[in-house]
Amino acid sequence: MLNEQLSKLMVEQVNKELYSAYLYLSMSNFYDEKGLKGIAFWFKTQAKEEYEHAIKFMDYLHDQNEKVTLSLIEAPKGDFSDLKEPLILQLNHEKFVTASINNIYKVATENNDYRSLKFLDWFIEEQAEEERVAQDLLEEFEHVSVDSRGIFEFSERAGARRK
C-alpha cells in the first residue's frame, strides 16, 4: 500500500495523462483540418504516448494494491487562433505535467518510498525530453518562413520525427 497522499496524487496523474492525450488529439485534429498532415501525425503519436503514460501509472498503482478511479476528462481547447498557438500550449502543458510529476516525487521522497521513486525516475527523464522537444518544435516553427511552403515543410519535418 502506498501513502494515502501519494496514492491520491498518482491517481490524479492518471487522469492528467489521459487529459494530455485528449489535448494532443485536439491539436492533431486542428492541424489535420488545416491540411498539415505531418504535424497532425506528430500530435496523434504524442497522444498515444500520453495514453501509455496513464497506463503505466495505472499498472503501478494496481501493483501496489491501490484503487484507480477515473474522473471526467475536461474537453480540451480545439479551436486555435493560429498555427503557433497549439505549440505554445503544448510547451506550457508539458511544464504543468512536469510540475505535477515533481510534486509526486517530492511526496514519495518525504515518505521514503524508494519503490515509487524508482518508478518515477522514468517519468522525470521523460518529462525533460517532452519539454525539450516541445521547446524545439516551437523554436523551429518560429524560424520557418510564414508562407505556405515553410509551414508545410515544418509540418512534414515534425511528422517525420515520429515515424
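**Charges in a five-helix predicted model**

The protein carries 20 positive and 31 negative side chains, and the centres of these two sets lie 2 Å apart. I should say at once that this is a predicted model, and that what I describe today is computed from it.

Let me give the overall frame before coming back to the charges. The protein has five helices and zero strands, so that, by the DSSP runs used here, the order of elements from the N terminus reads α-α-α-α-α. Along the principal axes, the C-alpha atoms occupy a box of roughly 55 × 25 × 25 Å. Of the 163 residues, 48% are buried, and the accessible surface amounts to about 8900 Å², with carbon and sulfur atoms contributing 52% of that area. Among contacts with a separation of 6 or more, 79% join residues that are 24 or more positions apart.

Returning to the charged side chains, the count of salt bridges comes to six, and I will take three of them, including one inside helix 1. There, Glu12 and Lys8 meet at 3.0 Å, N to O, and both lie in helix 1, residues 4–33, four residues apart, which is about one turn of the helix. Glu12 counts as partly exposed because its relative accessibility is 30%, whereas Lys8, at 54%, counts as exposed.

A further salt bridge joins Asp32 to Lys37, with the closest N and O atoms 2.5 Å apart; Asp32 has a relative accessible area of 30% and is therefore partly exposed. In another, Lys77 pairs with Glu85, where the closest N and O atoms are 2.4 Å apart. Here Lys77 is partly exposed, with a relative accessible area of 41%, while Glu85, at 17% relative accessibility, counts as buried, because the cut-off for that class is under 20%.

That brings me to Glu66, which sits in the loop between helix 2 (37–63) and helix 3 (85–110). Which side chain of opposite charge is nearest to Glu66? It is that of Arg115, 9.4 Å away, and Glu66, although buried, has no salt bridge; a salt bridge would need a side-chain nitrogen of Lys or Arg within 4 Å of a carboxyl oxygen, so the distance to Arg115 does not qualify. What the side chain of Glu66 does make is a polar contact with the side chain of Ser7, at 2.8 Å. If we leave aside neighbours within four places in sequence, Glu66 is in contact with Met1, Leu2, Ser7 and Leu61.

How values were computed:
Residues numbered from 1 in each chain as written. Predicted model: local features only at pLDDT ≥ 70, side-chain atom pairs only at ≥ 80, totals over all residues. Heavy atoms only, no water. Helix = DSSP H or I, 4+ residues; strand = E, 2+ residues; numbered from the N terminus. Buried < 20%, exposed > 50% of the residue type's maximum accessible area, 1.4 Å probe, protein only. Lys, Arg positive; Asp, Glu negative; His and termini not counted. Polar contact = N/O pair within 3.5 Å; in protein donor to acceptor, adjacent residues only side chain to side chain. Contact = heavy atoms within 4.5 Å. Areas by Shrake-Rupley, 256 points an atom, 1.4 Å probe, with all protein chains shown as cover. Charge placed at Lys NZ, Arg CZ, Asp CG, Glu CD.
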